[in-house]
Amino acid sequence: MSKLPAKTVNDSAIEGHIYKVFPNDLNAHGTAFGGMIMAKCDRLSLVVAERHSSHVCVTVSVDSIHFMAPAKENDTLIFKVSINRAWNSSMEIGVKVVAENSYTREKRHILSAYFTFVALNDDNKSVQVPQIIAETDEQERRYQQASIRRQARLQTMDALNAYKT
Ligand SMILES: CC(C)(COP(=O)(O)OP(=O)(O)OC[C@H]1O[C@@H](n2cnc3c(N)ncnc32)[C@H](O)[C@@H]1OP(=O)(O)O)[C@@H](O)C(=O)NCCC(=O)NCCS
């Protein structure tokens, strides 16, 4: 268990990063390119992990990226990014992206994803991070569910490693 003072989720959260979709953001299908959105999610999650840990962090795992609906040209993407849980040196960051039509203000949930980051010290070794204080029911739910996802991640990794020669 971390001896560092625990931090609240809001202390590091990004609550509404805005990105306007222009024609150069589109794929051949005429909708927003998924790789562009994923890169932004990774970058914003990194900021949350580094704010929380006060260390340089690296992405160690990305899972459960779900594209629920396409974003279109002229949509405004709104990114909500916050830490769900911290363990020893790793942290799960959750991302939700909503596409808003600026003229009608209609909103569509287009993506949810979970990124795991590890905090590193100056020798590039994993280093302890503060625990989380969940202050709302929603944050508590994410905190509990993060543990189920971590178990699944580590079990899958172990099972696959068993086949390594
Ligand atoms: C991240 C990295 C330093 C971890 O190294 P490691 O030898 O596995 O370190 P540790 O064994 O100390 O594990 C560190 C943490 O990562 C977690 N972890 C490792 N692999 C993981 C995976 N695939 N999924 C989820 N968590 C993982 C461990 O469970 C541990 O968590 P904990 O400290 O909270 O219990 C190493 O894997 C690495 O450098 N990866 C490349 C990172 C990178 O280049 N990212 C892209 C650019 S940012």
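Visitor: What gives the largest share of the shell around the ligand?

Guide: Strand 3 does, with four residues. This is a predicted model, where local features need pLDDT of at least 70 and side-chain atom pairs count only at pLDDT 80 or more, while totals for chains, interfaces and linings use all residues. Residues are numbered from 1 along each chain as its sequence is written.

Visitor: What makes a run of residues a strand or a helix?

Guide: Both are DSSP runs, numbered from the N terminus: a helix is H or I with at least four residues, a strand is E with at least two. Strand 3 (56-67), strand 6 (107-120) and helix 2 (137-161) each give two or more residues to the ligand's shell.

Visitor: Which residues come nearest to the ligand?

Guide: Of the 14 around the ligand, they are S61, W87, N88, S89 and S90. A residue is near if its C-beta atom, placed from the backbone, lies within 6 Å of the molecule or strand in question.

Visitor: How do you know that helix 1 has the span expected of a helix?

Guide: The expected span is 1.5 Å times one less than the number of residues. Helix 1 (residues 34-53) has 20 residues and reaches 28 Å from first C-alpha to last, close to the expected 28 Å. Helix 2, with 25 residues, reaches 36 Å, close to its expected 36 Å.

Visitor: Why are some residues of helix 1 called buried?

Guide: Because a residue is buried if 20 or more other C-beta atoms lie within 10 Å of its own, exposed if 12 or fewer, and partly exposed in between, with C-beta atoms placed from the backbone. In helix 1, I37, C41, L44, S45, V48, A49, H52 and S53 are buried. They share one side of helix 1, because they cover an arc of only 165° around the axis, judged by the directions from the helix axis to the C-beta atoms. G35 and A39, on the other side, are exposed.

Visitor: What makes a set of residues a nonpolar core?

Guide: Its members are buried Ala, Val, Leu, Ile, Met, Phe, Trp, Tyr and Cys residues joined through C-beta atoms within 7 Å. The largest such core has 30 residues, and I93 and V95 touch the most other members. Strand 6 supplies the largest share of this core, eight residues.

Visitor: How do you know what I93 is in contact with?

Guide: Contact requires C-beta atoms, placed from the backbone, within 7 Å. Leaving aside neighbours within four places in sequence, I93 is in contact with S45, V48, A49, V81, I83, N84, F115 and F117.

How values were computed. Contact = placed C-beta atoms within 7 Å.
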